[in-house]
Amino acid sequence: MTEPTLRTPTERTCERCGRVERWDGVETTWTVVEEDGEKQVGSRYCIHEWDINGTFAPFEDEGADGAQV
Ligand SMILES: [Zn+2]
């Protein structure tokens with residue numbers, strides 16, 4: 001089953017432990033973001049609560065950012 005073509009989030013942050021992941025389009029998997037040489041892994045025991053639900057817009061929201069031409 002294939003997903004319909006939608007805009008997918010490219011970065012997500014865990015609201016519980018602070019883990020940050022970025023979508024790797026090549027590996028097609030989430031990878032932990034590294035900041036200042038330190039991986040933002042958060043807690044390995046955390047049941048991650050990703051923050052993408054609220055900000056994820058499935059479609060281009062034209063004009064929302066004032067970039068109407
Ligand atoms: Zn977490």
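These exercises walk through a predicted model of one protein chain, each with a worked solution.

Residues are numbered from 1 along each chain as its sequence is written. Because the model is predicted, local features need pLDDT of at least 70 and side-chain atom pairs count only at pLDDT 80 or more, while totals for chains, interfaces and linings use all residues.

**Exercise 1. Find where confidence is lowest and where it is highest in the protein chain.**

Solution. Start with the term: pLDDT is the predictor's confidence in each residue, from 0 to 100. The protein chain averages 79. At least 70 is reached by 64% of the residues. Now go to the elements. Helix H1 (residues 52–55) is lowest, at a mean of 59. Strand E5 (residues 38–39) is highest, at 95.

**Exercise 2. Write down the pattern of helices and strands along the sequence.**

Solution. Helices (H or I, at least four residues) and strands (E, at least two) are DSSP runs, numbered from the N terminus. Count them: one helix and five strands. Then read along the sequence: β-β-β-β-β-α.

**Exercise 3. Work out the order of the strands in the open sheet.**

Solution. Two strands pair if DSSP finds at least two bridges between them. E1 and E2 pair over three bridges, in the antiparallel sense. Four bridges join E2 to E3, also antiparallel. The order is therefore E1-E2-E3. Strand E1 (11–13) and strand E3 (29–32) are the edges, each pairing on one side only. Neighbouring strands of this sheet are turned by 30° against each other on average, direction ignored. For such angles, axes are lines fitted to C-alpha atoms, for helices over the stretch in contact, and angles run from 0 to 180 degrees between N-to-C directions.

**Exercise 4. Match residues of E2 with their partners in E3.**

Solution. Take them one at a time. Glutamate 21 has valine 32 as its bridge partner. For arginine 22, the partner is threonine 31. Aspartate 24 is matched with threonine 29. Now turn to the E1 side: glutamate 11 stands opposite arginine 22.

**Exercise 5. Decide whether tryptophan 23 is buried, partly exposed or exposed.**

Solution. First place tryptophan 23: strand E2 (residues 20–24). Next, the cut-offs. A residue is buried if 20 or more other C-beta atoms lie within 10 Å of its own, exposed if 12 or fewer, and partly exposed in between; C-beta atoms are placed from the backbone. Tryptophan 23 has 14 such atoms, so it is partly exposed. Its C-alpha atom is separated by 6.0 Å from that of glutamate 11, twelve residues apart along the chain. For the whole chain, buried residues make up 4% of the 69 residues.

**Exercise 6. Locate the positive phi values in the loops and hairpins.**

Solution. Begin with the hairpin of E1 and E2, which has six residues between the strands. There, glycine 18 takes a positive phi near 90°. Move on to the hairpin of E2 and E3, with four residues between the strands. Threonine 28 is found in this loop. Its phi is about 50°, positive although threonine 28 is not a glycine. With 7 other C-beta atoms within 10 Å, threonine 28 is exposed. Last comes aspartate 36, in the loop between strand E4 (34–35) and E5. Aspartate 36 is not a glycine either, yet has a positive phi of about 55°. It is exposed because 5 other C-beta atoms lie within 10 Å.
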